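I opened the notebook to go through this two-chain entry one feature at a time. The entries below record what I looked up and what I found.

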Amino acid sequence: MEPQARILKVLQKVSGKEISPGADESLFVSGLLDSFALADFVTGLEEEFGVTIPDSDLSARKFDTISKVEAYLAAKS
Amino acid sequence: MPFLRAFGSWLPPRRVNNLELAPLVDASPGWILEVSGIEERRYAADTDTVAGIGLQAAKNCLENAGANAADLGMILVASGSSDRFCPGPASQIATGLGLATTPALDIPVSSAGSLIGLILAAQLASGAGRVLVVGAEIMSRRVSLTPEGKNTGILFGDGAGAALVDVQTGFARVADFCLFTDGSSAEILSVRDGHFNMDGSAVILHASRKMPRAINELLTRNQLTASQVEAFLLHQANLNLISRVAGALKTPQEKFFTNIARYGNTSSASLLIAADEWHRERSATLAGPLIFSAFGSGLNWGAMLAVPR
């Protein structure tokens, strides 16, 4: 499965919504994430991609679009 | 390690419910309840001061303990909303208690200040004997009740809590603690020029990961599981955040004492107000471990374990 599809899978799981936002669409505006779902999203990404996201990277701006998340995870691997 | 001997608190009588707040921040009462779990909060009167309400909580705590102010070896006062930056409210509270030489120190850390105070008190009690910890906040003067400020304005209330840490006697013994500071994200939670600033998403992201991690660290090194803990007493930041912490620890939320619905987030006072209410509501002797935890400006966060004596 492609990274974007895996990111979307995590998103849909934590949000409980089936909608598929565009790669550059704000996940907050699309209603998939709010402040609390964001914490679950970050934990879900760690589990799905087998990475550890350090506290120094805990900024909503890093995780507010699928493209940004993909780029962040690519840089981690 | 010393003992937790008593708690105390003081809340201003003025109640501000969501119906009153909603039009000021251009939101519905239902939205405020949904995002925060808060039904009402208390607001201090114009004549109240942080030191003044802290003094009320301090007196209540000493009364609950059956102790005299003259027996205190030290006073620690946490506040992120003190009327005056320096000196803070500690010396005024000591004066209010009739003390002229007892050391009284300020801990200017919003939200996590009381936890830091409890942990410092536990460390210092071997020399000081009895240490009074106070958390006092008038946060309503630090937030904007406007549509632009609604994300923080709706959360906060005013109040004060206190705890007496005693080297000789108490209902629970402080057994262990962990305390952390990370200044790299200090900007997400600060009081600057008298105004409270918070990046809510970032704060929740940090707090919902750091608090369970700190609690788990304490549990693991003391060979305890979350299911063995009698009660979790947390900084009352947001009901949804407390639910997240409970979920992360895979523990029923019923084990987490909450009073945020009635008082809102009273910042550094909330942990001690919650502890005081929890202690007053229970009649049985403590049978299992207690976990205290908080997250706040700095960033500072941590947890403290107390066990039946």
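What follows are my notes on a predicted model, ordered by topic.

**Chain contact**

I began with the question of how many residues each chain gives to the contact. Chain A supplies ten residues and chain B supplies twelve. I then sorted the residues on the side of chain A that touches chain B, and they came out as six nonpolar, three polar and one charged.

**A loop residue in chain A**

Next I looked up Leu33(A), which sits in the loop between helix H1 (3-15) and H2 of chain A. I asked myself whether Leu33(A) is buried or exposed. Leu33(A) has 24 other C-beta atoms within 10 Å, and because 20 or more are enough, I noted it as buried. When I set aside neighbours within four places in sequence, I found Leu33(A) in contact with Ser15(A), Leu27(A), Phe28(A), Leu38(A) and Phe41(A). I also looked up the separation from Ala60(A), which is 27 residues away from Leu33(A) in sequence and 10 Å away in space, C-alpha to C-alpha.

**H3 and H4 of chain B**

I turned to helix H3 (residues 50-65) and helix H4 (residues 89-96) of chain B, whose axes are 9 Å apart and which pack at an angle of about 50°. That angle makes H3(B) oblique to H4(B), and I recorded the crossing as right-handed. On the H3(B) side the contact is made by Val50(B), Ala51(B), Gly54(B), Leu55(B) and Ala58(B), while H4(B) contributes Pro89(B), Gln92(B), Ile93(B) and Gly96(B). By class I found six nonpolar and three polar residues in this contact, with no charged residues.

**The sheet of chain B**

I traced an open sheet of ten strands with mixed pairing, in the order S5-S4-S6-S7-S1-S8-S14-S13-S11-S12 (chain B). I wanted to know which strands stand at the edges. They are strand S5 (104-107) and strand S12 (256-257) of chain B, each of which has a single partner strand, so one side of each is left without a neighbour in the sheet. For the S12(B) end I checked the pairing with strand S11 (residues 231-234) of chain B, which is parallel and runs over two bridges. Within this pair, Phe232(B) has Phe256(B) in S12(B) as its bridge partner.

**H8 of chain B and the residue after it**

In H8(B) I listed Leu239(B), Leu241(B), Ile242(B), Arg244(B) and Val245(B) as buried. I then looked up what covers these residues, and the cover includes helix H2 (35-49) of chain A along with helix H2 (29-36), helix H7 (200-221), S11, S12 and H9 of chain B. Just after H8(B), Lys250(B) takes a positive phi of about 50°. Lys250(B) lies in the loop between helix H8 (239-248) and S12 of chain B, and it counts as exposed because it has 10 C-beta neighbours inside 10 Å.

**Backbone checks in chain B**

As background for these checks, I noted that most residues other than glycine have a negative phi, and most peptide bonds are trans. I therefore wrote down Ser267(B), a residue other than glycine, whose phi is positive and near 55°. Ser267(B) lies in the loop between helix H9 (260-263) and helix H10 (270-281) of chain B, and it counts as buried because it has 36 C-beta neighbours inside 10 Å.

I also recorded a cis peptide bond from Cys86(B) to Pro87(B), with omega near -5°. Pro87(B) lies in the loop between strand S4 (74-78) and H4 of chain B. Another cis peptide bond runs from Gly298(B) to Leu299(B), with omega near -5°. Leu299(B) lies in the loop between strand S13 (290-296) and strand S14 (300-308) of chain B.

**The S9-S10 hairpin of chain B**

My last entry concerns strand S9 (residues 189-192) and strand S10 (residues 195-198) of chain B, which pair in the antiparallel sense over four bridges. S9(B) and S10(B) form a hairpin with two residues between them, and in the turn Asp193(B) has a positive phi of about 50°. Leu189(B) and Val191(B) make up the covered face of S9(B), whereas Ser190(B) and Arg192(B) make up the uncovered one. Across the pair, I found Leu189(B) opposite Met198(B) in S10(B). Gly194(B), in the loop between S9 and S10 of chain B, counts as exposed, with 10 C-beta neighbours inside 10 Å.

How values were computed:
Residues numbered from 1 in each chain as written. Chains lettered and ligands numbered in written order. Predicted model: local features only at pLDDT ≥ 70, side-chain atom pairs only at ≥ 80, totals over all residues. Contact = placed C-beta atoms within 7 Å. Nonpolar A, V, L, I, M, F, W, Y, C, P; charged D, E, K, R; others polar. Axes fitted to C-alpha atoms, helices over the stretch in contact; angles between N-to-C directions. Parallel < 35°, antiparallel > 145°, perpendicular 65-115°, else oblique. Left-handed = near helix turned anticlockwise from the far one by under 90°. Pairing = 2+ DSSP bridges. Buried ≥ 20, exposed ≤ 12 C-beta atoms within 10 Å, placed from the backbone.
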